[in-house]
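Subject: Structure for your review

Dear colleague,

Please find below the structure that I am handing over to you. I would be grateful if you would read the notes beneath it with the structure open.

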Amino acid sequence: MKGLIIKDLINMSKSIKIVLALAVFYGVMAFSTENPSGFASIILLVLAMSMLSTYTYDEMANWDIYALTLPISRDNIIQAKYIFMIIISLLGFILNGLTLILINWLTKASGVFDGLVYVAYGTAIVIWFYSIIIPVITKVGITKARLYIVLFYTIPFLSGTFIFKQIKKLQPEPPEGLVKFLEILIRNVDTIIPILTIVLLGISYYISVMIYRKKQF
Amino acid sequence: MVANTQKNAIEVDNITIRYDDFTLDKVSFNVPSGSIMGFVGENGAGKTTTIKAILDLIRTEEGSIRIWGKPSKNLHKDLKAMIGVVFDGSNLHENLTVDNVNFIMSDIYPNWRPKVFYNYVEKLKLPKNKKFKEFSRGMKMKLSIAIALSHDSKLLILDEATSGLDPMIRDEILDIFMEFIQDEEHTIFFSTHIISDIEKIADYVTFIHDGKIVFSESKDELIYNHGIIPCRKEDVQKIDKRFIVGTRQSNYGAEVMIRNVDEFKRKNREFIPERTSIEEIMLYISRGKESV
């Protein structure tokens, strides 16, 4: 299974120049504006794209059909993707964390710890994104999944915005119950996010394994 | 070791797979250990489907497949590590180099032999630093074969590995297979539609036509048991139909393919069957039948 992760890392490393160029460019931007959030978003986005590109490489090479003849199980192939995804997410966290620390150190700003917490939240959200999309890719392949990615993330966002506006017109003040619920969520965000991440990851992995075990090639 | 003790490396028993437009129909054959079996048939006959079923890439609706006596479904990793597989076309990522492949495979195969791999790379004149996308089709196939041979494989399963290659490279690859099979524990099962490859290296031939196995026999016996009788058109009627495999007629006369040549010779002194080839036998069986 280690070989599968190495394969993805080698493939990803081939596009590392682009990642590094973007990191330097947005790093300079972050430093000049003293605002690392833009940099963090770009790094997370680029890494997310790198993760998806490993699926593209696999599909282009028709890799899975060959991989299944190697001394590895179907479950191993899925496990390798999830481990790789966690490595990528941690890499994003480390890169963003280091940039934040560097900017704070250079600008002598305070609040490094708070910043790192936000970076961790961002990383968790990236893991949620992967957790939703990996079972979809496993089921339909990356080419079709790209379309679903767009649908999954734009339709709920656009329709949510529209519905929210309509509700706001009808009821300018949010209901008290909802406000209280959100307050509880915010107060316990440090507990909720890690638990939600682990639960989502677990469900996502289980679904992907089930899909892949039945997949025909 | 399991692989050594089994009479057959692969046993395919009565497998059926149905698609909307194609059915692999009750396919059965055995690949004897220590032999080369050519799996031949026209495009779309069911060769790749059968190989995919053997490799547990697709589900079978009926029947069973055993590799070294073990069900091919969820075959143990130790046994999978002894099987080298090469598909038509390359399945390696375009960005990779020979060194990358060695690095990756050494972490996948517990029995990976880097020295053997690089020996093949040298022998097959494969560039070490070029990316895979810069390789020609022949080079890609040679690299895939080098991988398949670099982990103490005892069974090679090849799906159209020599198709689309020029005769020189094909010959080079067939020589490698011949070298591999010198070890009596080794077995090769390869599909192809190039009959000359079968004639050159196969011990056994399995012929699939329209999703059904037409025959699965020793190549020598097949050639020995069949013969061609060149005769006049009007003489065709005189030949006992039980022996006829197929007939081909032209303006100049007819040619009749017969089976059980020895028995035929004992019973018919009038006609003298001539030696035939695998290609002829298959052509007569797949086409000639209709004209009998």
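The notes below take up a sheet, a helix pair and the contact between two chains. Please bear in mind that this is a predicted model.

The sheet of chain B

Chain B contains an open sheet of six strands, arranged in the order 6-7-8-3-9-10 with mixed pairing. The edges are taken by strand 6 (83-86) and strand 10 (212-218) of chain B; each has a single partner strand, so one side of each is left without a neighbour in the sheet. On average, and with direction ignored, neighbouring strands of this sheet are turned by 10° against each other.

At one of these edges, strand 6 of chain B pairs with strand 7 (residues 155-159) of chain B in the parallel sense, over four bridges. Within this pairing, V86(B) has L158(B) in strand 7 of chain B as its bridge partner. Helix 6 (residues 137-148) of chain B packs on the sheet and touches both strand 6 and strand 7 of chain B. The direction of helix 6 makes about 170° with that of strand 6 of chain B. A further helix of chain B, helix 7 (residues 167-180), lies across strand 3 (36-40), strand 7 and strand 8 (187-192) of chain B. Helix 7 runs at about 155° to strand 7 of chain B.

A helix pair in chain A

Two packed helices are described by the angle between their axes and the distance between the axes. In chain A, helix 5 (residues 74-107) and helix 9 (residues 189-214) pack at an angle of about 145°, and their axes are 9 Å apart. Their crossing is right-handed. Among the residues that meet here are I77(A), I78(A), Y82(A) and M85(A) from helix 5 of chain A, and L201(A), Y205(A), V209(A) and Y212(A) from helix 9 of chain A. By class, the contact has nine nonpolar, three polar and four charged residues.

The contact between the chains

How many residues of chain B are in contact with chain A? The number is 27, and they are in contact with 28 residues of chain A. The two chains bury about 2600 Å² between them, 60% of it on carbon and sulfur atoms. L57(B), H93(B) and I108(B) supply 24% of the area that chain B buries against chain A, more than any other three residues.

The count of salt bridges between chain B and chain A is one. D107(B) forms a salt bridge with K2(A), with the closest N and O atoms 3.5 Å apart.

Yours sincerely

Terms used. Residues are numbered from 1 along each chain as its sequence is written. Chains are lettered from A and ligands numbered from 1 in the order in which they are written. This is a predicted model: local features need pLDDT of at least 70, side-chain atom pairs count only at pLDDT 80 or more; totals for chains, interfaces and linings use all residues. Side-chain values use heavy atoms; hydrogens and water are left out. Two strands pair if DSSP finds at least two bridges between them. Helices (H or I, at least four residues) and strands (E, at least two) are DSSP runs, numbered from the N terminus. Axes are lines fitted to C-alpha atoms, for helices over the stretch in contact, and angles run from 0 to 180 degrees between N-to-C directions. Contact means heavy atoms within 4.5 Å. A crossing is left-handed if the near helix is turned anticlockwise from the far one by less than a right angle, and right-handed if clockwise. Ala, Val, Leu, Ile, Met, Phe, Trp, Tyr, Cys and Pro count as nonpolar, Asp, Glu, Lys and Arg as charged, and the others, Gly among them, as polar. Buried area is the accessible area (1.4 Å probe) that two parts lose on being put together, summed over both. A salt bridge is a side-chain nitrogen of Lys or Arg within 4 Å of a carboxyl oxygen of Asp or Glu.
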